[in-house]
Structure formats: C-alpha cells, structure tokens
Amino acid sequence: MSSLERHTDYGSTGLSESDVLRDPMAQFAAWLSAAEDAEIFEPNAMVVSTVDSDGTPSSRTVLLKGLDGEAFEFVTNYRSHKGHALSAHPAVSLLFPWYQLTRQVIVRGVAHRTDAATSDAYFAARPHGSRLAALASEQSEPVASRRVLEDRMRELESRYPEGSIVPRPEHWGGFRVVPSTIEFWQGRTSRLHDRLVFTAVDGGWTLERLQP
C-alpha cells in the first residue's frame, strides 16, 4: 500500500484542559522532556517558517538551542535566507513535529536577535568542526562545488587547530522568539485530534480548545 493511501490511527491518548500546566512554556518543557525520554531523533528539531521581503513563505528545520521560560532560541548566520527574512519580517512560526508521540507544538511569535554575549556563549559551546563550518560557509549563497567548501575547511583547520580559539563571525548569532500563541496538538482516533492553544494576553495566558 502506498503511503498516500495509508490511514494511521493515532490512538486514544487524549489531551484535556486539566492535563496541561497553566504556564505553556513549562508545559512545552515537559513535552520536550518526554520526547527526550522517548529517544526521539533530534527532539529539539523544529521547522522555522518565515516570510521574505516580497511576501514569499519559507520553511526549514533548525535546532532549538535555548529555552528560558520566556522565549525559544536558535542560532544561524544572519546573512542566510532566514536571517534576511527575519530582518524584514520578524514574525515567525515554529513547529515541533514529534510524530512518534503523535504530538505537535506550534509556536507563533516575534524573533529578535540575541545579545552578543549570548551569541558568544552559543558559539563557544559548538563542537570545533561546527565553529569552523560557520566560518567556511556563506550560508544560503550559491557555491560552485562541495570541493570549494572542503578546501575552505582544510584552510581553517590549519589556521585554527583543535583546541584553539575560533572567533565568532559577527554575522553569526542567535534569535530569540517571544511567543504570542503556543498550540499543543495531540493526535486522536478518527482524526478527532485535541488542540489546546495558549494566547498571550496582558502578561498572562488564556487557554482555549480548537476544533481539529
């Protein structure tokens, strides 16, 4: 049977208003922890959707790197496609697709660049090779071949051997997404899914159920 014809039943596990914490950031942290415990591959992977300056939507997968109770943080090259898009339109959507748990979390909010100290800390925590790659790659720009990138990496490996300090490029850093809505989605039998949405209002949150 083709995957286009398959109809998977998502099970009977539900999500009621009494099941969720009243702080959606704490609820997200609990679901992220459950995804980690389930050993889901890259549980912090999220789809980041932006709008270009001409109104064209774009999506790509990145890793969540920070969660502090108020915002979601990720890192990128500010000159990349998403970097330019967020400079033009800071509105952003984040999607965490935990298929094995038949769960999703959808975040809508506004992205702002993190301060330099936060970006420095994120860069310093990256593996040595990843720091070199941030220097080698002009993210989202065309390149003649993979060999060009590999040659750049070899030159950088010679300049910055393992254990040496790799400087953070000024155009590399974090984005901090402050949420306006956070939706918790739980798959259910017959596609009658549970959808609970928190909306930021006057320093607090309201909670409502959406139809699937």
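# Elements, cores and exposure

Reader: In which loop is the place of Arg191?

Author: This is a predicted model, in which local features need pLDDT of at least 70, side-chain atom pairs count only at pLDDT 80 or more, and totals for chains, interfaces and linings use all residues. Residues are numbered from 1 along each chain as its sequence is written, and side-chain values use heavy atoms, with hydrogens and water left out. The place of Arg191 is in the loop between β7 and β8.

Reader: What is the relative accessibility of Arg191?

Author: Arg191 is not a glycine, yet its phi is positive, at about 65°. Buried means under 20% relative accessible area, exposed over 50%, and partly exposed in between (1.4 Å probe, protein chains only). Arg191 counts as partly exposed because its relative accessibility is 30%.

Reader: Which residue in the loop between β8 and β9 has a positive phi although it is not a glycine?

Author: The loop in question precedes β9, which comprises residues 204-210. The residue is exposed, with a relative accessible area of 83%, and its phi is about 50°. The residue is Asp202.

Reader: In what order do the elements of the chain run from the N terminus?

Author: Helices are DSSP runs of H or I with at least four residues and strands are DSSP runs of E with at least two, numbered from the N terminus. The chain has five helices and nine strands. Their order is α-β-β-β-β-α-β-β-α-α-α-β-β-β.

Reader: On which side or sides of α2 do its buried residues lie?

Author: Helix α2 covers residues 81-88, and its buried residues are Lys82, Gly83, Ala85 and Leu86. They span an arc of only 165° around the axis, which means that they lie on the same side of α2; the arc is that of the directions from the helix axis to the C-beta atoms. Among the elements that cover them are β1 (45-51), β4 (72-77) and β7 (172-186). The answer is therefore the same side of α2.

Reader: Which element supplies the largest share of the largest nonpolar core?

Author: A nonpolar core is a set of buried Ala, Val, Leu, Ile, Met, Phe, Trp, Tyr and Cys residues joined through side-chain atoms within 4.5 Å. The largest one has 29 residues, of which Phe28, Phe72, Leu94, Phe96, Trp98 and Val105 touch the most other members. Two or more residues come from each of α1 (24-37), β1, β4, β5, β6, β7 and β8 (194-201). The largest share, five residues, comes from α1.

Reader: How many residues form the other core?

Author: This core lies apart from the largest one. Its members include Tyr122, Phe123, Leu156 and Val166. The number of residues in it is 10.

Reader: How far apart in space are the C-alpha atoms of Ala29 and Thr181?

Author: Ala29 is in helix α1, where it is partly exposed, with a relative accessible area of 33%. Ala29 and Thr181 are 152 residues apart in sequence. From C-alpha to C-alpha, the distance is 15 Å.

Reader: What separation do the C-alpha atoms of Ala144 and His84 have?

Author: Ala144 lies in the loop between α4 (128-136) and α5 (146-159). Ala144 is exposed, with a relative accessible area of 79%. Ala144 and His84 are 60 residues apart along the chain, and their C-alpha atoms are separated by 22 Å.

Reader: What percentage of the residues in the chain is buried?

Author: The C-alpha trace spans about 55 × 50 × 40 Å along its principal axes. The chain has 212 residues, and the buried share of them is 37%.

Definitions and conventions: Contact means heavy atoms within 4.5 Å.
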